[in-house]
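User: I would like to learn how to read a few geometric features of a protein model, taking the general idea before the particular case. Could we work through them one at a time?

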Amino acid sequence: MNLFSIFRNLVSIPSVSGRETEIKKHICSFFFSLGYKKDEDEKGNMLFYLSRNEKKLCLSAHLDTVPLAEKVNLIETDEFFMTDRRCALGADDKAAVAAFMKAAEKKEEHVIFLFTVGEEKALEGARMMGRNLLKSFDIALIIASDASGKCGDIIQSAPGKTQMDIRFRGKSAHAGFEIEKGDNAVLMLSRFVIRAENGRQADGSTVNCAIIDGGKSTNIVPDCAHLALEIRSLDENMLSFHEKRLINLALKINTDAEVDVFHHYRPYFINEDSREIRFIRMANADAQLIPTLGGSDVNIFRAMGYRAVNMTTGYENAHSENERMSKTELEKLYEITALLADTFQSHQDFF
């Protein structure tokens, strides 16, 4: 099937995180028609394979999109796939899905295909993946393609992410008759945000105070206010430092504050002389090593103990109305994918 046609079909199917049913049916129909078998875990992550023997190269992409790509109004030029700028395109990560589907037509037993769900929700699908989904295969390397930038570069480092939900507890009172008896939780939250040093930190980490709610009526002093924030860092120690700093700040402002911490994923750094990077450069000598402050399923795969690499996909302006995918980059993505598969077949003893 033509690569561009595969991509057009994919972006026409809504697949917002948590609502991937239709695109999963489409993917299954495609792979089953080629004779592939499927394993699926309770979360809905799917793995397609021809056999369970010999070492495997696992190609991984996620099926879900951000809500802005729920209904894609596709526009094509000679050079690009894009939208009418009222929606996102969903090339994150359907460009990789398309390239992998095209590669699957070669029916190479040493290549398996993993499609995850819920990646756009803090890597939910990979984080909650059934551990048996991958265990029955001898997986030498997992390659994901889920990052912006010209196609084929290697994400050498990626951040960890921690989410914090903080509830400030005050005391309600009538805002007119006895406002002095109240203890305003919204005011506590405001003091926290001002002192939290929101934004990029001196060490390169980021703190983003993102969601706020509180209060019930203007005539009542609010007794509860809620804030959700995230911390990202390439350094696990700094991730922990900012977490502790913000917990202490919340409790200093309000000793009754309730703080829930969610460690979504850990940071990673891949040495340039690692086996996985040396292998990729066998197939693509021009691959550059770049950092990112975006997470991917690779954060989870590496934490699970697998050799895993995320590569740039070629899409631009992901998650926005200006998202677009170069047709040349999409073709290059497939070509690199096919070259990686061929290189793996001839160098399985490398792993």
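User: By class, which residues make up the lining of the second largest pocket?

Analyst: The general idea is that rolling a probe the size of a water molecule over the atoms shows where empty space is left. In this structure, which is a predicted model, the lining of the second largest pocket has four nonpolar, two polar and two charged residues. The residues that line this pocket are Lys-161, Gln-163, Asn-208, Ala-210, Ile-211, Ala-228, Leu-229 and Glu-230, and the strands β9 (160–169), β11 (206–214) and β12 (224–233) each supply at least two residues of the lining. The volume of the second largest pocket is about 160 Å³.

User: What volume does the largest pocket have, and which residues are the closest to its centre?

Analyst: The largest pocket has a volume of about 560 Å³. It is lined by 30 residues, of which Asp-92, Glu-120, Gly-294, Gly-295 and His-319 are the closest to the centre. The elements that give two or more residues to this lining are β8 (154–158) and β15 (289–291), and by class the lining of the largest pocket has 13 nonpolar, ten polar and seven charged residues.

User: How should I read backbone angles, and where is there a cis peptide bond?

Analyst: As a general guide, most residues other than glycine have a negative phi, and most peptide bonds are trans. Here a cis peptide bond joins Asp-92 and Asp-93, with an omega of about 20°, and Asp-93 lies in helix α3, which spans residues 91–104. Asp-92 is also among the residues closest to the centre of the largest pocket. As for phi, Ala-122 is not a glycine and yet has a positive value of about 55°; this residue lies in the loop between β6 (111–116) and α4 (124–127).

User: How do the axes of helix α8 and helix α10 cross, and which residues meet there?

Analyst: Two packed helices are described by the angle between their axes and the distance between the axes. The axes of α8 (residues 275–283) and α10 (residues 327–346) come within 9 Å and cross at roughly 110°. Angles of 65 to 115 degrees count as roughly perpendicular, and α8 and α10 are therefore roughly perpendicular to each other. The crossing in which α8 passes α10 is right-handed. From α8, Phe-279, Ile-280, Met-282 and Ala-283 meet Leu-339, Leu-340, Thr-343 and Phe-344 of α10, and by class this contact has seven nonpolar residues, one polar residue and no charged residues.

Methods. Residues numbered from 1 in each chain as written. Predicted model: local features only at pLDDT ≥ 70, side-chain atom pairs only at ≥ 80, totals over all residues. Heavy atoms only, no water. Axes fitted to C-alpha atoms, helices over the stretch in contact; angles between N-to-C directions. Helix = DSSP H or I, 4+ residues; strand = E, 2+ residues; numbered from the N terminus. Parallel < 35°, antiparallel > 145°, perpendicular 65-115°, else oblique. Left-handed = near helix turned anticlockwise from the far one by under 90°. Contact = heavy atoms within 4.5 Å. Nonpolar A, V, L, I, M, F, W, Y, C, P; charged D, E, K, R; others polar. 1 Å grid on protein atoms, 1.4 Å probe; cavity = no way out; pocket = protein on both sides within 12 Å on 5 of 7 lines; lining within 4 Å. Points joined across faces, edges and corners; volume = space filled by probe spheres on them.
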